[in-house]
Amino acid sequence: MLQFLVGTMGYEDEDEFEDAIHCSFETFVKALPNCECKEEAGELLFRFKKLVAEPKPTRLTLKVASREDLWRVLLRSADGVIRIPELEFEVQAEYKRCIDSVYNHLIAARTGLETYCRSGTLQAEEMEKVEETITLISGLLDLDQTFTCIVEDPTGASCFKPMDGVLVEDM
């Protein structure tokens with residue numbers, strides 16, 4: 001599989017590919033939330049899990065209290081909504097699946113708000129409130145406080161990896 005990816009993505013060799021993903025291929029595959037891995041006879045075997053066939057509305061709640069929590073991988077389905085209740089902040093569904101760390105999901109939300117501020121469509125009072133939210137999100141990224149990351153997904157296809165410490169509830 002590694003050779004296939006290296007060849008089709010235009011990398012010269014495995015080392016160049018691993019430099020691009022900033023880790024070994026094995027580490028990369030093990031971090032994917034929709035991938036099951038096991039070692040057998042000294043080789044890494046993996047398979048991708050089928051996404052949920054029947055929608056089951058689910059709420060995932062993660063208390064983010066450490067750097068490890070910030071770098072936990074979140075597969076957010078196309079319909080998943082991220083909520084940070086401490087800020088009364090919500091990231092709406094983007095209608096495409098996204099796999100990234102909690103940290104990078106928050107960076108993307110902050111960047112979207114920064115772009116919105118530069119659009120020139122906000123009144124001064126609105127601009128002040130959006131800039132305050134940007135500052136508060138930056139504080140979360142620096143772990144100025146423990147916060148709650150809630151993913152509400154009407155399809156039930158969203159998940160964290162690892163899932164330890166994540167409260168899973170039916171909606």
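Which residue follows α6 with a positive phi? L143 does, and its phi is near 55°. This is a predicted model, in which local features need pLDDT of at least 70 and side-chain atom pairs count only at pLDDT 80 or more, while totals for chains, interfaces and linings use all residues. Residues are numbered from 1 along each chain as its sequence is written, and side-chain values use heavy atoms, with hydrogens and water left out.

Start with the whole chain. It has 6 helices and 10 strands. These elements are DSSP runs, numbered from the N terminus: helices are H or I with at least four residues, strands are E with at least two. The C-alpha trace spans about 60 × 40 × 30 Å along its principal axes. Of the 171 residues, 36% count as buried. Buried means under 20% relative accessible area, exposed means over 50%, and partly exposed lies in between, with a 1.4 Å probe and protein chains only. Contact means heavy atoms within 4.5 Å. Among contacts between residues at least 6 apart in sequence, 62% join residues at least 24 apart.

Now go to helix α2, residues 14-21. D13 caps its N-terminal end. A side-chain oxygen of D13 lies 3.3 Å from the backbone nitrogen of D15. After α2 comes H22, whose phi is positive, near 65°.

Next, look for empty space. Rolling a probe the size of a water molecule over the atoms shows where such space is left. A pocket is found on a 1 Å grid over the protein atoms alone: it is an open set of points where a 1.4 Å probe fits, with protein on both sides within 12 Å along at least five of seven lines. Lining residues have an atom within 4 Å of a point. The largest pocket has a volume of about 260 Å³. That volume is the space filled by probe spheres set on the points, which are joined across faces, edges and corners. T27, F28, A31, L32, P33, V73, I99, D100 and S101 line the largest pocket. Two elements, α3 (25-31) and β7 (98-101), give two or more residues each to this lining. By class, the lining has 6 nonpolar, 2 polar and 1 charged residues. Here Ala, Val, Leu, Ile, Met, Phe, Trp, Tyr, Cys and Pro count as nonpolar, Asp, Glu, Lys and Arg as charged, and the others, Gly among them, as polar.

Helix α5 covers residues 102-118 and holds H105. H105 counts as buried because its relative accessibility is 7%. Its side chain reaches the backbone oxygen of L74 at 3.2 Å. Beyond neighbours within four places in sequence, H105 is in contact with L74, R76, I82, C98 and D100. D100 also appears in the lining of the largest pocket. T111 is in α5 too. T111 has 37% relative accessibility, so it counts as partly exposed. The C-alpha atoms of T111 and V64 are separated by 20 Å, with their positions 47 residues apart along the chain.

Helix α6 runs over residues 124-141. Its 18 residues should span 26 Å at 1.5 Å a residue, and the end C-alpha atoms are 26 Å apart, which agrees. The expected span is 1.5 Å times one less than the number of residues. V130, I134, I137, S138, G139, L140 and L141 are buried in α6. The buried residues pack against α4 (67-70), β5 (81-84), β6 (89-91), α5 and β8 (147-153).

Strand β8 holds T148. T148 counts as buried because its relative accessibility is 7%. A polar contact is a pair of N or O atoms within 3.5 Å; within protein, one must be able to donate a hydrogen and the other to accept it, and residues adjacent in sequence count only if both atoms are side-chain atoms. The T148 side chain makes such a contact with the side chain of K63 at 2.9 Å. Another, of 2.7 Å, joins the side chains of T148 and E86.

D153 lies in β8 as well. At 1% relative accessibility, D153 counts as buried. Its side chain makes polar contacts with the side chains of S77, at 2.8 Å, and T155, at 2.7 Å. D153 and V81 are 72 residues apart in sequence, yet 6.4 Å apart in space, C-alpha to C-alpha.
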